[in-house]
Amino acid sequence: MCGIIGYIGKRDALPILIEGLKRLEYRGYDSAGVGILDDKKLSVFRSPGKISSLEKALGDSTIAGTIGIAHTRWATHGPPEERNAHPHADCGARLAVVHNGIIENYAELRASLESRGHTFRSQTDTEVLPHLIEEEQKKKSCDLSTAVRSVLRQIRGTYGIAVVSSEAPDKLIVARLGSPIVLGIGTDEFFVASDASAVLGHTHKVIFLDDGEMAELSRDGYRIFSLDNSKIDKSPEELDWSAEDMQKNGQPHFMLKEMLEQPEVIRNSLRGRLDVENGLAVLGGLRDVAERLRHIDRLIIVACGSAYYAGQVGEYMIEENAGIPVEVELGSEFRYRQPIITENTAVLAVSQSGETADTLAAIREAKMKGALTLGIVNAVGSTIARETDAGVYNHAGPEIGVASTKAFVSQLTVFALLTLFLGRQRKMSMSYGRKLALELQRIPDLVQSILANRQALEPIAASISGAKGMFYLGRKYNAPIAFEGALKLKEVSYIHAEGYASGEMKHGPIALVDSSFPSVVIAPVDSVFEKNKSNIQELKARGGKIFSLTDEDSGDLRSMSDGIIAVPKTVEMLQPILDIVPLQLLAYQVALTKGFDPDKPRNLAKSVTVE
Ligand code: M6R
């Protein structure tokens with residue numbers, strides 16, 4: 001995701017900013033830029049691609065200046081191009097802004113600014129900020145921090161921002177709402193960043209801004225205040241974390257950090273996309289193809305690995321709630337057979353990276369055969385995102401852990417939105433749409449409660465870690481969750497785990513079961529609960545240990561089980577979003593128990609760009 005670094009002091013800002021950007025590289029980004037003030041002269045350099053490309057763009061130019069801001073951008077609005085990279089400037093190129101987050105009402109603000117003569121140079125939501133600040137200063141001839149305060153009150157959405165202006169060459173303004181900003185307190189110099197890892201090379205004394213707070217920094221000091229200009233007293237704290245710890249937000253592994261981010265990830269996937277009152281999903285990325293989607297009579301989902309399992313959950317969601325026939329195909333199989341595609345077929349690629357070769361090949365094949373192509377993609381501007389006709393971004397942020405966790409959960413969330421979108425175009429009633437929308441809004445808190453209870457999984461992890469092999473079983477919506485749960489365990493603990501639809505287990509695989517071969521059975525109290533219980537009895541009769549993932553209403557299932565993985569309850573269609581979370585945590589815990597590093601699973605690559 002995007003990163004911010006800023007400096008004000010007595011040293012040359014440029015090398016400090018470039019070094020700070022490099023420390024933020026781990027977050028993932030697709031373009032970078034710097035803005036430096038030398039007295040009243042503002043110089044801005046930006047470049048798509050890596051920081052090394054920005055350094056090339058800077059060439060030998062010696063840019064003096066002891067105040068500046070810089071940014072790594074992870075594209076959301078507009079592809080990764082120079083014009084969309086930050087900093088963004090006002091019409092007169094006098095002030096520069098870097099921004100993390102999303103401004104939800106940017107389209108209306110932009111239209112209104114354009115009608116008042118402002119010229120925009122990018123496709124970003126961010127660019128409204130410098131123009132609004134310019135407008136405010138023109139109207140009220142106020143100082144920079146007053147203008148920024150007033151602009152932030154017009155914004156809907158989230159932001160971490162840093163602003164410099166040639167008209168206030170001794171000031172650096174920052175603000176935070178939903179996107180982190182930290183101040184680094186040096187001796188006669190100050191730093192700002194979206195992530196303390198960017199400043200730890202210079203100081204360990206930091207102040208974290210809270211939502212709704214702003215700061216004005218000069219070479220002599222800083223002042224923290226609220227959007228209504230009330231003074232806020234905050235003392236610096238001393239961080240004893242290393243830069244590496246900071247990148248993981250103090251967590252021991254990226255895998256854990258990313259699992260813990262899931263409530264926020266789901267909120268980000270949902271943000272601005274639910275019209276609860278009308279029971280609708282608002283998916284801007286599908287607007288241009290909405291009429292074509294109303295007439296599709298078949299949907300083929302193509303994906304690999306975890307994304308394939310997310311697609312299988314999507315299949316159940318869409319068939320049951322929108323009434324469209326859906327098939328899910330492995331990307332690697334799709335183009336080597338003769339898939340039947342008519343003009344009313346849509347082919348949907350699901351991919352975190354947007355670069356998986358098998359999925360990309362499948363979508364190219366579908367396009368060649370005349371299908372409408374769609375994407376559920378996390379990496380903005382990636383090849384699959386660019387080559388599909390339309391799509392929905394996950395907004396999960398960069399996933400560094402090789403074993404997919406937060407991206408998978410965001411894929412399920414987007415499938416729920418897509419189901420609402422397609423369902424409401426067809427048979428789904430407004431009241432059911434409303435119910436789903438309201439329930440979706442509850443999901444982040446329910447996931448949070450699972451994460452908070454993660455210690456309860458430790459005894460089960462200890463028991464599983466000695467197994468020679470095991471089953472993950474589930475029915476209906478939870479069959480693909482069984483597949484994904486087994487994949488997670490295989491990837492990080494190297495225990496041979498097989499996912500099966502519960503009912504299939506008796507057709508052969510049950511031959512494996514004995515007292516050393518445990519099963520995790522995903523059995524929430526839903527429309528297939530009783531069937532799952534029968535399968536559990538079949539396993540028990542052969543001496544198998546049972547760990548049941550279930551909710552509080554599960555009654556006698558508890559006494560049949562050797563351990564319970566407790567999850568809260570939601571509507572059946574959304575239950576998989578909750579059920580996968582403890583299975584991810586369990587795999588992580590088993591890896592630790594066995595002494596493996598879950599961030600470095602053997603033989604695996606994060607993005608598989610070969611066939
Ligand atoms: O980037 P993609 O979502 O297209 O990647 C697909 C698979 O390679 C990926 O989900 C893989 O299975 C993960 N390692 C699962 O944890």
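**Two parallel sheets, a ligand shell and two loop residues in a predicted model**

Pro87 is found in the loop between β4 (67-73) and β5 (88-89), and in this predicted model the peptide bond that leads from His86 to Pro87 is cis, with omega near 5°. A second residue with a noteworthy backbone is Asn229, which has a positive phi of about 70° although it is not a glycine; Asn229 belongs to the loop between β13 (221-226) and β14 (231-232).

Further along the chain, an open sheet is formed by five strands, which follow one another in the order β19-β18-β20-β21-β22 with parallel pairing. The edge strands of this sheet are β19 (326-330) and β22 (390-393), each of which pairs on one side only. Between neighbouring strands there is an average turn of 20°, with direction ignored. Strands of a sheet pair through backbone hydrogen bonds, and the arrangement can be either parallel or antiparallel. In the case of β18 (residues 298-303) and β19, which run parallel, the two strands are joined by five bridges, and Ile301 has Val328 of β19 as its bridge partner. Helix α10 (residues 305-322) packs on the sheet, where it touches β18, β19 and β20 (345-351), and the direction of α10 makes about 175° with that of β19. Another helix, α14 (residues 406-425), lies across β18, β20, β21 (372-377) and β22, and runs at about 155° to β20.

A second group of five strands also forms an open sheet with parallel pairing, here in the order β24-β23-β25-β26-β27. At the edges stand β24 (496-501) and β27 (563-566), and because each has a single partner strand, one side of each is left without a neighbour in the sheet. The twist from one strand to the next averages 20°. Within this sheet, strand β25 (residues 519-522) and strand β26 (residues 546-550) run parallel and are joined by four bridges, with Val521 standing opposite Ser548 in β26. Helix α17 packs on the sheet and touches β23 (469-474), β24 and β25, while its direction makes about 175° with that of β24. Helix α20 (residues 575-593) packs on the sheet as well, with contacts to β23, β25, β26 and β27, and its direction makes about 160° with that of β25.

The surroundings of the ligand can be described next. There are 13 residues around the ligand, of which Ser351, Gln352, Ser353, Thr356 and Glu491 come nearest. Several backbone atoms lie at short range from oxygen atoms of the ligand: for Gln352, a backbone N or O atom is 2.6 Å from such an oxygen, for Ser306 a backbone N or O atom is 3.1 Å from one, and a polar backbone atom of Ser404 is 2.8 Å from a ligand oxygen atom. On its own the ligand has 410 Å² of accessible area, and the protein covers 90% of this. The elements that give two or more residues to the shell around the ligand are α10 and α17 (479-493), and α10 gives the most, with three residues. Sorted by class, the shell holds four nonpolar, seven polar and two charged residues. The two helices named for the shell thus also appear in the description of the sheets, since α10 packs on the sheet that contains β19 and α17 packs on the sheet that contains β24.

Methods: Residues numbered from 1 in each chain as written. Predicted model: local features only at pLDDT ≥ 70, side-chain atom pairs only at ≥ 80, totals over all residues. Heavy atoms only, no water. Pairing = 2+ DSSP bridges. Axes fitted to C-alpha atoms, helices over the stretch in contact; angles between N-to-C directions. Contact = heavy atoms within 4.5 Å. Near = heavy atom within 4 Å. Polar contact = N/O pair within 3.5 Å; in protein donor to acceptor, adjacent residues only side chain to side chain. Areas by Shrake-Rupley, 256 points an atom, 1.4 Å probe, with all protein chains shown as cover. Nonpolar A, V, L, I, M, F, W, Y, C, P; charged D, E, K, R; others polar.
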